[in-house]
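Hi,

Here is the structure I promised to pass on. Have a look at it first, and then read my notes underneath.

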Amino acid sequence: MSVTQLSDSAQNYLKIIFSLNEWSDEPVTPTVIAEKAGMKLSTVSGAMAKLRQQGLLDHAPYGAVSLTPLGREYAVTMVRRHRLIETFLVQMLGYRWDQVHDEAEQLEHAVSEFMIQRIDELLGHPTRDPHGDPIPTAEGAISIPVAILLAEAQPGQKVTVERISDSDSELLQYFSENGITVGAQLAIATGAPFSDTLEVTANGSESVIRLGTRATEAVWVSALP
């Protein structure tokens, strides 16, 4: 069996499980997967059982879900497809970064490995997608930068944006309009008392941007030396 023999939904589940574990140490449960996929828990539980039978998942009853080595291999293949397609759409076709996720979700199931290789070559073997997520190599190697949530950064720090979640297109548009993009440097200050906000300035700008929890928990940063 190869990843192309799996159904689109099975490919999506493997990709979701991988992605949920990529930037978080929180256990991945069927409930979490259902929330991410926008599916009913009963549907997800049935799918998890089938993937386990296929040797792609380990899942103890009422416990966390984890990928087997073969499941991880297939998941990384799908992640690579998705992120290369997103990068291609932005760099070559002029898509905005808030437009590419849904498009890539459709295309990743249809493209051949030959096309993915050609896209990779055309783009010069990029290592990160437009949102900062690492793109696996053709051999399946993946390098995740050391980063923390912006919400965990300390006032007074200067940081570099490493990754921005692509799950909220409106938030991506807001970030873009205010210069908060992958690679941007931010200076952090304390927000108003009891407001649960941070104040940031991007790339030396004098304009202060006030970000609430919804925003600061969608951005990953690394500290500048």
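Below is what I found, going from the whole chain to helix packing and then to single residues.

Before anything else, please keep in mind that this is a predicted model.

**The chain overall**

The chain has 8 helices and 8 strands. Its radius of gyration is 19 Å, and the globule rule gives 17 Å for 225 residues; the two are close, so the chain is as compact as a globular protein of that length. If you box the C-alpha atoms along the principal axes, you get roughly 55 × 45 × 30 Å.

How much of the chain is buried? Buried residues account for 43% of the 225. On the outside, the chain exposes about 11,900 Å², and 51% of that comes from carbon and sulfur atoms. As for contacts, take those between residues at least 6 apart in sequence: 63% of them join residues at least 24 apart.

**Helix α1 and its two partners**

I spent a while on α1 (residues 8-22), and two of its contacts go into these notes. One is with α4 (residues 69-93): the two axes come within 8 Å and cross at roughly 90 degrees. An angle from 65 to 115 degrees counts as roughly perpendicular, so α1 is roughly perpendicular to α4. On the α1 side the contact is made by Gln11, Leu14, Lys15, Phe18, Ser19 and Glu22. On the α4 side you will find Gly71, Arg72, Tyr74, Ala75, Val76, Met78, Val79, His82 and Arg83. Sorted by class, the residues of this contact are 7 nonpolar, 4 polar and 4 charged.

The other partner is α2 (residues 30-37). Here the axes of α1 and α2 come within 10 Å and cross at roughly 110 degrees, which makes α1 roughly perpendicular to α2 as well. From α1, the contact uses Tyr13, Ile16, Ile17 and Leu20, and from α2 it uses Val32, Ile33, Lys36 and Ala37. What is the class make-up this time? The contact of α1 with α2 has 7 nonpolar residues, no polar ones and 1 charged.

While you are looking at α1, click on aspartate 8, which sits in that helix. Aspartate 8 has a relative accessible area of 42%, so it is partly exposed. From aspartate 8 to glutamate 113 it is 105 residues along the sequence and 16 Å in space, C-alpha to C-alpha.

**The loop between α6 and β3**

Three residues from this loop made it into my notes. Histidine 125 lies in the loop, between α6 (113-122) and β3 (148-149). Its backbone is worth a glance: phi of histidine 125 is near 55 degrees, a positive value in a residue other than glycine. Most residues other than glycine have a negative phi. Histidine 125 is partly exposed, with a relative accessible area of 49%.

Next door, proline 126 is in the loop between α6 and β3 too. Is proline 126 buried or exposed? The cut-off for buried is under 20% relative accessible area, and proline 126 comes out at 15%, so it counts as buried. Leaving aside residues up to four places away in sequence, proline 126 touches Leu84, Thr87, Asp120 and Ile135. The C-alpha atoms of proline 126 and proline 136 are 9.4 Å apart, with those positions 10 residues apart along the chain.

Serine 143 is another residue in the loop between α6 and β3, and with 60% relative accessibility it counts as exposed. Between the C-alpha atoms of serine 143 and isoleucine 17 there are 17 Å, and the two residues are 126 apart along the chain.

**One more positive phi**

Which loop holds aspartate 196? Aspartate 196 is in the loop between β5 (185-190) and β6 (198-202). Phi of aspartate 196 is near 55 degrees, again a positive value in a residue other than glycine. Aspartate 196 counts as exposed, at 62% relative accessibility.

That's the lot from me. Shout if you want to go through any of it together.

Cheers

How values were computed
Residues are numbered from 1 along each chain as its sequence is written. This is a predicted model: local features need pLDDT of at least 70, side-chain atom pairs count only at pLDDT 80 or more; totals for chains, interfaces and linings use all residues. Side-chain values use heavy atoms; hydrogens and water are left out. Axes are lines fitted to C-alpha atoms, for helices over the stretch in contact, and angles run from 0 to 180 degrees between N-to-C directions. Helices (H or I, at least four residues) and strands (E, at least two) are DSSP runs, numbered from the N terminus. Angles under 35 degrees count as roughly parallel, over 145 as roughly antiparallel, 65 to 115 as roughly perpendicular and the rest as oblique. Contact means heavy atoms within 4.5 Å. Ala, Val, Leu, Ile, Met, Phe, Trp, Tyr, Cys and Pro count as nonpolar, Asp, Glu, Lys and Arg as charged, and the others, Gly among them, as polar. The radius of gyration is taken over C-alpha atoms; the globule rule is 2.2 Å times the number of residues to the power 0.38. Buried means under 20% relative accessible area, exposed over 50%, partly exposed in between (1.4 Å probe, protein chains only). Accessible areas come from the Shrake-Rupley method with a 1.4 Å probe; for residues, only the protein chains shown count as cover.
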